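Trainee: Please take me through this model one question at a time. Give me the cut-offs as the terms come up.

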Amino acid sequence: MAAEKPESLKTVIRKRDRETRRKQANILLKICRAISEAGAPAHRLESYMQVIADKFELEASFFAMPTAVLASIGEDEYNQRSYMIKTNPNDINLNTMHTINSVINQLENDELDLDVALHAIKDITSKPAEYPNWLFALCFGLVGSGFTTLFSGSWHDVAVAGLLGLVTGIITIYSAPYKYLSQLLAPMAAMVVGFLAVSISHYWQTTDHFLVSLAGLIILVPGLGITVAMRELSTGHLVSGSSRMAGAVTTLFLLSFGLALGYLIAQTIYGETQVNQLPGVPEWFTYLALVITALCFSVLFKSRMADTFWIFLSIGLAYSGSSLIGLWIEQPFKSLVAVMLISVAGNIYSRLSSNPASVMHIPGIILLVPGSIGFNSLSAMYTNDTMTGVQAAFNAVLIAVAISVGLLVGNLLVPPKKEL
């Protein structure tokens, strides 16, 4: 009997160790899904997950795509189990990234046990939205008005773009619960916005219906998706980058097709409508619009209220950096330098606070992404202005490349503390 006790103790320890490994693997898989659905690109997700696996002393490898993550986890490379996690691509959620990063920091410092950490991560993924739907819709409108000032629109354009952005927000929010309706979101919203823009321009002959249409749809224009895809391609994540780029270009086609259809319907009813260009808003209003836009991005990216200052700082760096550098150099190089500033600032913030650098990176980059240029490229091609369309598409690609290189150079100058 005495000889059986050590063997029994070994069995208990082995079972306990197996249970620990199961919990650790479960945490890794839950974090994979949460980070992916919060909008993290492939290169950040894979690097971040590798750091956590090393903390758990697990041999693991991850392969991220926009709609799935493949993971192999085990104690060594010859004793691994493979998993496939199906994910639903969602909008950027900075609060989810911050909360997961906080849980992992506590795990690294041994301030949480595995059971509490697993429960906390489950709570993160099941937590309802912190902001009400009406506020999201309002932010769509305010961002549309804000971008109109960057496009040199008039007071009338600012008002109409805000209305069209509000319409886009309402369609986006209330189509989400319906599967087949949500799949038509991009062309449907663009068609409605295009029709309303021409109708308003026909009866209220003081607006540029091309400008207000673009501003009203600006949140749906996948400029950030194009930039992230280029970043993934430049870091060797070819599958994820190619699929993300294909998705972004498809969305651009759907938006431009819907807009062209909306214009066609309106012009069939009203006849040819003139483009009315009035003097732009004063410069002081542009700065006020930037402040309001920063607040709106805090809501749209689901960030914490405590991060609002850093979002302000990021957007301020993007705008002032791009404007000052633009006095000496043109695109795409002014975007390159502006993004370097944002990248370095975000990485310094991450190193000092242990928070994700994305809190500063994403809001700043969103002002510089080439989505509107790509959208204008397709719109020009729909009107048979092929040369203008090709030139605009080439410029959009160059700006996306410049932003990607700027982020890489920023990481070289100040390496991030965490990959998120």
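Trainee: In what order do the 3 strands form the open sheet?

Mentor: This is a predicted model: local features need pLDDT of at least 70, side-chain atom pairs count only at pLDDT 80 or more, and totals for chains, interfaces and linings use all residues. Residues are numbered from 1 along each chain as its sequence is written, and side-chain values use heavy atoms, with hydrogens and water left out. Strands (E, at least two residues) and helices (H or I, at least four) are DSSP runs, numbered from the N terminus. The sheet is open, its pairing is antiparallel, and the order is β1-β2-β3.

Trainee: Which are the edge strands?

Mentor: Two strands pair if DSSP finds at least two bridges between them. An edge strand here pairs on one side only. That picks out β1 (59-65) and β3 (79-86).

Trainee: How many bridges join β1 to β2?

Mentor: β2 covers residues 68-76 and runs antiparallel to β1. The two form a hairpin with 2 residues between them. Ser 61 stands opposite Ser 72, and Phe 62 has Ala 71 as its bridge partner. The number of bridges is 7.

Trainee: Which side chains of β1 point to the buried face?

Mentor: In a regular strand the side chains alternate between the two faces of the sheet. Buried means under 20% relative accessible area, exposed over 50%, partly exposed in between (1.4 Å probe, protein chains only). In β1, Glu 59, Ser 61, Phe 63 and Met 65 point to the face that is not buried. The buried side chains on the other face are Ala 60, Phe 62 and Ala 64.

Trainee: At what angle do α5 and α12 pack?

Mentor: Two packed helices are described by the angle between their axes and the distance between the axes. Axes are lines fitted to C-alpha atoms, for helices over the stretch in contact, and angles run from 0 to 180 degrees between N-to-C directions. Helix α5 spans residues 133-150, helix α12 spans 283-300, and their axes are 8 Å apart. The angle is about 145 degrees.

Trainee: How many nonpolar residues does the contact of α5 with α12 have?

Mentor: Contact means heavy atoms within 4.5 Å. Residues of α5 including Phe 136, Phe 140 and Phe 147 meet residues of α12 including Phe 285, Ile 292 and Phe 297. Ala, Val, Leu, Ile, Met, Phe, Trp, Tyr, Cys and Pro count as nonpolar, Asp, Glu, Lys and Arg as charged, and the others, Gly among them, as polar. The contact has no charged residues and 4 polar ones, and its nonpolar count is 15.

Trainee: How far apart, centre to centre, are the rings of Tyr 131 and Phe 136?

Mentor: Rings of Phe, Tyr and Trp (its six-membered ring) pair if their centres lie within 6.5 Å; planes under 30 degrees apart are stacked, over 60 edge-to-face, the rest tilted. The whole structure has 13 aromatic pairs. This one is edge-to-face, with 85 degrees between the planes, and its centres are separated by 6.3 Å.

Trainee: Is Tyr 131 buried or exposed?

Mentor: Its ring partner Phe 136 has a relative accessible area of 9%, so Phe 136 is buried. Tyr 131 is at 14% relative accessibility, and therefore counts as buried.

Trainee: Why is the pair of Tyr 203 and Tyr 270 edge-to-face?

Mentor: The ring centres are 5.6 Å apart. Tyr 203 lies in helix α8 (residues 185-203) and Tyr 270 in helix α11 (residues 238-270), so the pair ties together parts 67 residues apart in sequence. Tyr 203 counts as exposed because its relative accessibility is 65%. The pair is edge-to-face because the planes stand at 85 degrees.

Trainee: Which residues is Gly 262 in contact with, leaving aside its neighbours within four places in sequence?

Mentor: Gly 262 lies in helix α11 and is buried, because its relative accessibility is 0%. Gly 262 and Ala 190 are 72 residues apart in sequence but 7.2 Å apart in space, C-alpha to C-alpha. With those neighbours set aside, its contacts are Met 191, Gly 194 and Phe 195.
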